[in-house]
Number of protein chains: 2
Amino acid sequence: MKLITTIKEIREIVSEWKKAGKTVGLVPTMGYLHEGHQSLIRQAHAENDKVVVSVFVNPTQFSANEDLSSYPRDIENDLEKSHEAGASLIFHPEVSEMYPDGFNTYIEAFGVTEVLEGASRPTHFRGVTTVVGKLFNIVQPDRAYFGQKDAQQAAVIEQMVRDLNFPVKVVCCPIIREEDGLAKSSRNVYLSEEEREAALVLSQSLKLAKKMLEQGEKSAEKIKQTMTEKIQQEPLAEIDYIKIVDHRSLQDVAVIEAAVLIPIAVRIGNTRLIDNFVFGE
Amino acid sequence: MKLITTIKEIREIVSEWKKAGKTVGLVPTMGYLHEGHQSLIRQAHAENDKVVVSVFVNPTQFSANEDLSSYPRDIENDLEKSHEAGASLIFHPEVSEMYPDGFNTYIEAFGVTEVLEGASRPTHFRGVTTVVGKLFNIVQPDRAYFGQKDAQQAAVIEQMVRDLNFPVKVVCCPIIREEDGLAKSSRNVYLSEEEREAALVLSQSLKLAKKMLEQGEKSAEKIKQTMTEKIQQEPLAEIDYIKIVDHRSLQDVAVIEAAVLIPIAVRIGNTRLIDNFVFGE
């Protein structure tokens, strides 16, 4: 499993692949890979001749009060997990390779970034779109893979690609769940046994919403009310948000007529969990 | 001479060219082509197998108080001039093709855009970088051609390409001048005979600066003072700015030690003219 650290070298390798007619999939990550990332790598491997996994803890998506230095890193594990899942190589540049002195140009998607997770993290998604745009230009993949778990991130990238005409197909991969329905997340390890049980209210409330939608309910307010009541029955759960939004623009919807995203964020004890589903796409 | 209006069609054509191993040059323009544009097209033709000239009056680089609708247009002339200079086709999309409903993502280069022409036009260069980024993603050229006449625009594009790693070589083409030194510009037709004569102070003041630099002068202030005095001798000329800036960052330089750009903007009667030169690159 090759570890490539320079832009020059990854460009040379991809250029050779392209000359040989190979298709290229890109899985952008911040490393510390787990089963969720592996499912993206596996799908990329199934759909492309070559797969690049980028591992880069991107400083521009952290704000001053978020601790970049404590973000977990384990490149040996990343190499192993990527290899297992079928990656061709890892691209793992230094910060100075991606952001040399004088760097001062950004890609910013508006609208879609100003709600949900972006409401409290005003520069986060600007960092995400900038680094993903850079990775698209460096690797020039045919397809790039993002998880539906981070639904807003996927919508932001889709808007960027659509608006700026990046020649890349964005593939949004389904949420991977435990058998009982809990969305897989590296944060689940923080849950006590009792909290782990309580955390089921997230996926259960989404199931309730799905059922109401399938039965023809059009009122976002009624659905959110039912979900809220379900989650409030669980004493360990504290709702951060429950939203029903247009699946592209992420703006609130009152009457459900087109495809919607239902994203929720709930604190279980000290652990903040997110989950979502798309209906009607 | 083909006129292509959709993104889908230009992508198909370029894709065929690339499969056949052809190199592609892009000359982005707002149309109403003149000899200056033709010099860019000729250089693109000399260095690439195929040349795309884009003709698009880009609304995002006009502010509300600038008259987009009165910007001159003449696509028949553009086709003729492009053909003459060796272009393969013109890409001439509608505004709705480039900016469909819901468009809301921008590329913005900071620092370099906040001075000179950008100081009084705060969103102008954001529009330029956004549309040029889109054109790069649509056409995927090997090389893109910009005129040194718009020195700041060239520096802004160079920063964008460097910072966002666009896989495009930016080629900056020299200023085309009349025999007596006046930089060619579509605005020169507005000059009366007397003003046309007076307009020579621009290139003459730059020649003075060049001479001082060649003789080892390091003080930006002294050079600017000499240029100012030269231009002030011409009663029809009114200085907008005379600057000596770092050729990359466009930030003011006091002591000249590395490559500098000397851009000037001068009103001759009612006509605002710009000129510049780079020293020490």
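In this short talk I will go through two annotated places in chain A and then one of its helices. Please keep in mind throughout that what we are looking at is a predicted model.

Let me begin with the histidine, A:His37, which the unreviewed UniProt entry lists under "active site". If you follow the chain into helix 2, which runs over residues 35-47, you will find A:His37 there. Is A:His37 buried or exposed? Its relative accessible area is 17%, and because buried means under 20%, A:His37 counts as buried. When we set aside the neighbours within four places in sequence, A:His37 is in contact with A:Thr29, A:Gly31 and A:Tyr32. In addition, the side chain of A:His37 reaches the backbone nitrogen of A:His34, at 2.9 Å.

Next come two glutamines, A:Gln61 and A:Gln153, which the same kind of UniProt annotation, again from an unreviewed entry, describes as "binding site". They are spread over 93 residues of sequence, and yet they cluster in space, with a largest C-alpha distance of 11.6 Å. A:Gln61 sits in the loop between strand 3 (50-55) and helix 3 (75-85) of chain A, whereas A:Gln153 belongs to helix 6, residues 151-164. With 9% relative accessibility, A:Gln61 is buried, and its side chain makes a polar contact with the side chain of A:Asn58 at 2.8 Å. Beyond four places in sequence, the residues that A:Gln61 touches include A:Met30, A:Arg121, A:His124 and A:Val128. A:Val128 also appears among the contacts of A:Gln153, together with A:Phe125 and A:Phe146, again leaving aside neighbours within four places.

Finally, I would like to turn to helix 9 of chain A, residues 220-232, where we can check the geometry for ourselves. At 1.5 Å a residue, its 13 residues should span 18 Å, and the C-alpha atoms at its ends are indeed 18 Å apart, so the two values agree. Which residues of helix 9 are buried? They are A:Ala220, A:Ile223, A:Lys224, A:Met227, A:Thr228 and A:Ile231. Looking down the helix axis, we see these buried residues fall within an arc of 135°, which means that they line one face of helix 9. The face turned away from that buried side carries the exposed residues A:Glu221, A:Lys222 and A:Gln232. As for what lies against the buried residues, they pack against helix 8 (200-214), strand 8 (237-242) and strand 10 (260-268), which also belong to chain A.

Definitions and conventions:
Residues are numbered from 1 along each chain as its sequence is written. Chains are lettered from A and ligands numbered from 1 in the order in which they are written. This is a predicted model: local features need pLDDT of at least 70, side-chain atom pairs count only at pLDDT 80 or more; totals for chains, interfaces and linings use all residues. Side-chain values use heavy atoms; hydrogens and water are left out. UniProt positions are given in the numbering used here, feature names are shortened, and annotations may be inferred rather than shown by experiment. Helices (H or I, at least four residues) and strands (E, at least two) are DSSP runs, numbered from the N terminus. Buried means under 20% relative accessible area, exposed over 50%, partly exposed in between (1.4 Å probe, protein chains only). Contact means heavy atoms within 4.5 Å. A polar contact is a pair of N or O atoms within 3.5 Å; within protein, one must be able to donate a hydrogen and the other to accept it, and residues adjacent in sequence count only if both atoms are side-chain atoms. The expected span of a helix is 1.5 Å times one less than its number of residues. The arc is that of the directions from the helix axis to the C-beta atoms.
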